[in-house]
Amino acid sequence: MTDELIRPAGPHDVPAIKCVTDAAYHHYIERIGVVPQPMEADHTADVAAGRVFVTGEPVTGLVVIDAHDDHLFLDSIAVHPDAHGKGVGRRLLHFVEAHAGELGLDEIRLYTNAMMWENQKIYPRYGYEVVERRVDGPYDRIHYRKRLG
């Protein structure tokens, strides 16, 4: 599992992207009281825009990213529960850093729901720092950034 390729997603990956995203985020619905935004994303449009990268055959993990002038936004990271503990998430986070570097960007930004406690333990271990907490519609989000270099 540790040496699997991370590749750009293609149209044929959309069903697997939906499956992995739903499996990764579904258990949060009851906790946060709303459907997590990644579950409602337009996966077809994200793939067509080149924003999605996947790993595994079948797909076990993915990231959705968006390049801006001054940072790379990590919109979503999802690992299928069957692949937890196998380093998939770690490899995806390292991929995002490398990709930002390839694009000449020295900062990664992301946010997570304040009720997703697990994530608040993970991101600081990878060098992300809290920037702010902000309510965006029904979502109470903690915003993070990681400066590279």
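This is a dialogue between a visitor and a guide about how to read several features of a predicted model.

Visitor: Where should I begin, and which residues of the largest nonpolar core touch the most other members?

Guide: A good general idea to start from is that in soluble globular proteins, nonpolar side chains tend to be buried together. In this predicted model, the largest nonpolar core has 23 residues, and those touching the most other members are Val63, Leu74 and Val96. Strands S3, S4, S5 and S7, together with helix H4, each supply at least two residues of this core, and H4 gives the most, with 6 residues.

Visitor: Which residues does Val96 touch, if I leave out those up to four places away in sequence?

Guide: With those neighbours set aside, Val96 touches Val63, Ile65, Leu72, Leu74 and Ile108, and two of these, Val63 and Leu74, are named with Val96 among the residues that touch the most other core members. There is also a second, separate core of 17 residues, which includes Val14, Ile17, Val52 and Met116.

Visitor: How should I read pairs of aromatic rings, and how many aromatic pairs does a search of the whole structure find?

Guide: The search finds 5 aromatic pairs, and for each one you can look at the distance between the ring centres and the angle between the planes. Phe73 and Tyr111 form a tilted pair, with 5.4 Å from centre to centre and 45° between the planes. This pair links distant parts of the chain, since Phe73 lies in strand S4 and Tyr111 in strand S5, 38 residues apart. Phe73 is buried, at a relative accessible area of 15%, whereas Tyr111 counts as partly exposed at 23% relative accessibility.

Visitor: What is the arrangement of the rings of Tyr123 and Tyr128?

Guide: Their centres are 5.7 Å apart and their planes stand at 70°, so the pair is edge-to-face. Both Tyr123 and Tyr128 are buried, and together with Tyr144 they form one aromatic cluster.

Visitor: Let us turn to charge: how many salt bridges does the structure hold?

Guide: The general idea is that side chains of opposite charge can pair when their charged atoms come close. This structure holds 15 salt bridges, including one between Lys18 and Asp22, whose side chains meet at 2.7 Å, N to O. Because Lys18 and Asp22 are 4 residues apart in helix H1, they are separated by about one helical turn, and Lys18 counts as partly exposed at 40% relative accessibility.

Visitor: Which salt bridge links distant parts of the chain?

Guide: One of them is formed by Arg7 and Glu57, with their closest N and O atoms 3.9 Å apart. Arg7 belongs to strand S1, while Glu57 sits in the loop between strands S2 and S3, 50 residues apart in the chain; Glu57 is exposed, with a relative accessible area of 70%. Elsewhere, Asp136 forms a salt bridge with Arg134 at 3.2 Å between the closest N and O atoms, and salt bridges that share partners join Asp46, Arg51, Asp66 and Asp75 into one network.

Visitor: Is Arg91 buried or exposed, and how far away is the nearest side chain of opposite charge?

Guide: Arg91, which lies in helix H4, is buried yet has no salt bridge, the nearest side chain of opposite charge being that of Glu4, 5.1 Å away. A salt bridge would need the nitrogen and the carboxyl oxygen to be within 4 Å. The backbone oxygen of Glu4, however, lies 2.8 Å from a polar atom of the Arg91 side chain.

Note on methods: Residues numbered from 1 in each chain as written. Predicted model: local features only at pLDDT ≥ 70, side-chain atom pairs only at ≥ 80, totals over all residues. Heavy atoms only, no water. Buried < 20%, exposed > 50% of the residue type's maximum accessible area, 1.4 Å probe, protein only. Lys, Arg positive; Asp, Glu negative; His and termini not counted. Polar contact = N/O pair within 3.5 Å; in protein donor to acceptor, adjacent residues only side chain to side chain. Core = buried A, V, L, I, M, F, W, Y, C linked by side-chain atoms within 4.5 Å. Contact = heavy atoms within 4.5 Å. Phe/Tyr/Trp six-rings, centres within 6.5 Å; stacked < 30°, edge-to-face > 60°.
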